[in-house]
Amino acid sequence: MPDWLVYGMVYAGSALMVYNIFSYIRYELRLIKDSNWKKERQLLHVPILLLVMFLLGYLAVGIFGHPDIIVSGILFGGSIFVFIIFNVLQRITNRIQKNERLEADLRVARESSRVKSTFLSSMSHEMRTPLNAIMGLDALALQNPDLPAETRTQLEKVGDSARHLLDMINNILDMSSIEAGSLTLKEEEFSLRKTLELAGIITKNRCEEKGLTYESRFADDLDDYYVGDETMLKHALLNVLGNAVKFTPAPGSVTFTVEQTVSQGPDRELRFTIADTGVGIDKNLMPNLFTPFTIGDASNTNRFSGSGLGLALSKRVTEMMGGGIAVESKKGQGSTFTLTVRLKASGRKEEKAPEPGTENAGGETNLAGLKVLIVEDIDLNAEIVADLLDLEGISSDRAENGSVAVDMFTRSKPGTYDAILMDLRMPVMDGLDATRIIRDQNRPDAKTIPILALTANAFDEDVRNSLEAGMNAHMAKPVDPDVLFDNLRHLVPEHKEKHD
């Protein structure tokens with residue numbers, strides 16, 4: 001074997017070892033900079049000493065020794081081995097550091113999401129609490145039959161403005177939940193016709209107030225009951241219907257059409273078409289029409305107002321329901337929005353409505369004579385609820401926190417209270433703990449008495465917490481009297497039947 005080849009391998013190995021040493025020094029400095037090394041830091045110097053000793057050995061053999069092909073091959077191979085092992089080590093370290101950075105970023109994102117959710121929940125509570133007082137007092141004031149016409153009109157406008165503010169709050173919270181990935185659609189049976197009738201009543205009233213014509217057309221082949229998230233579907237429809245009314249000057253019209261386009265087994269596709277003769281949409285604004293927080297035409301916004309969230313929310317909701325939303329519009333000639341969703345038909349049929357005049361037969365819908373325990377720490381809110389109950393002939397007691405509520409229920413005779421309206425956020429003891437303690441009591445009505453959450457906590461998590469604690473229903477403030485009374489009509493007879 002020629003000497004030049006033998007010595008070439010020795011010196012090539014030496015050069016590669018020098019490269020390995022400098023590469024490791026850079027690697028060590030990066031580790032020290034990126035990692036929290038303390039006592040272990042000294043260990044990082046050991047490989048450098050070993051590699052330097054190998055290098056000196058290589059040079060000694062090349063300068064003072066007489067290497068053969070075997071020795072030179074071992075030396076050259078050792079440098080290559082160190083080079084390969086070092087590169088593998090670097091790749092492993094890079095992958096570990098990358099994973100650590102991703103985990104750190106994920107922890108930051110989760111903490112940010114938690115802080116955001118906490119903030120939104122707090123803001124929702126703080127906004128809904130005074131709004132509950134405004135809407136409650138407005139509803140009570142409108143019950144006065146002796147109100148002057150001008151005052152009644154003013155109170156009705158106060159109510160409309162409060163409901164508009166509530167819609168904006170709901171849109172912001174729902175969109176934030178969707179963006180955070182925390183909004184999940186419920187899978188519950190609901191009556192589509194009742195949902196459509198409610199949306200129609202609200203829209204018709206808004207049209208009449210504005211001098212618009214409202215027309216609705218519901219297909220005859222619609223099923224009576226579907227399985228899905230009624231609340232979010234109604235929210236999506238009302239957002240678009242509300243926009244149609246808002247952006248249509250008088251005299252104009254709004255048309256609401258509902259059809260069933262797919263029917264395969266239990267699977268259904270529903271198409272909701274909302275057409276108006278309003279101001280229309282400029283084609284240049286179409287690309288951003290469903291983008292959150294984008295408020296189309298500034299001139300229209302100033303004239304008609306809007307938050308830039310309603311259409312974006314409707315789009316997200318319909319997509320989550322397996323459908324979508326489309327629009328056709330021309331500036332100055334009106335707009336037509338088409339929403340599609342996929343639901344399952346439950347197969348249940350609508351019960352026949354009672355004959356006129358028999359609604360209160362058997363006392364099933366008559367609430368007069370009931371007694372309710374109101375658990376509420378804010379005096380004004382408690383007074384409003386008590387006054388609303390009084391309109392239906394329902395008497396009430398009040399507890400200012402969960403601890404007092406537990407004590408009042410415990411000291412009362414079984415059957416004293418027909419239901420409990422429970423706030424969640426209260427001093428001393430919150431509504432969840434109070435509900436759990438009441439449910440655990442050893443008395444005949446503890447397990448059956450209807451406990452209804454009446455709270456400004458309106459997130460899905462709040463609903464789950466209420467039901468898991470043992471409550472029968474969750475109602476978000478501002479309180480809707482119709483929803484409150486419907487829940488009492490449904491739950492109290494079941495309680496009395498079990499208790500009796």
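1. Starting with helix 2: Leu49, Met53, Leu56 and Phe64 are exposed, and they sit on the other side of this helix from its buried residues. Keep in mind that we're looking at a predicted model here.

2. Which residues of helix 2 are buried? Ile48, Leu51, Leu55, Tyr58 and Gly62. Around the axis they take up an arc of only 85°, so they lie on the same side of helix 2. The general rule fits in here: an α-helix has 3.6 residues a turn, so residues three or four places apart point the same way.

3. The length of helix 2 checks out too. It runs over residues 46–64, and its 19 residues should span 27 Å at 1.5 Å a residue; the end C-alpha atoms are 27 Å apart, so the two agree.

4. Now over to strands 11 and 12. Strand 11 covers residues 451–455 and strand 12 covers residues 473–476; the two pair in the parallel sense, with 4 bridges between them. For a spot to look at, take Leu454, whose bridge partner in strand 12 is Met475. The link from strand 11 to strand 12 goes through helix 12 (residues 460–469), giving a right-handed β-α-β crossover.

5. As for the whole protein, I count on 13 helices and 12 strands for its secondary structure. Of its 500 residues, 41% are buried. Among contacts with a separation of 6 or more, 73% are between residues 24 or more positions apart.

6. Last, the surface. The protein exposes about 27200 Å², and 56% of that comes from carbon and sulfur atoms.

Definitions and conventions:
Residues are numbered from 1 along each chain as its sequence is written. This is a predicted model: local features need pLDDT of at least 70, side-chain atom pairs count only at pLDDT 80 or more; totals for chains, interfaces and linings use all residues. Side-chain values use heavy atoms; hydrogens and water are left out. Buried means under 20% relative accessible area, exposed over 50%, partly exposed in between (1.4 Å probe, protein chains only). Contact means heavy atoms within 4.5 Å. Accessible areas come from the Shrake-Rupley method with a 1.4 Å probe; for residues, only the protein chains shown count as cover. Two strands pair if DSSP finds at least two bridges between them. A crossover is right-handed if, with the strands pointing away from the viewer, the path from the first strand over the helix to the second runs clockwise. The expected span of a helix is 1.5 Å times one less than its number of residues. The arc is that of the directions from the helix axis to the C-beta atoms.
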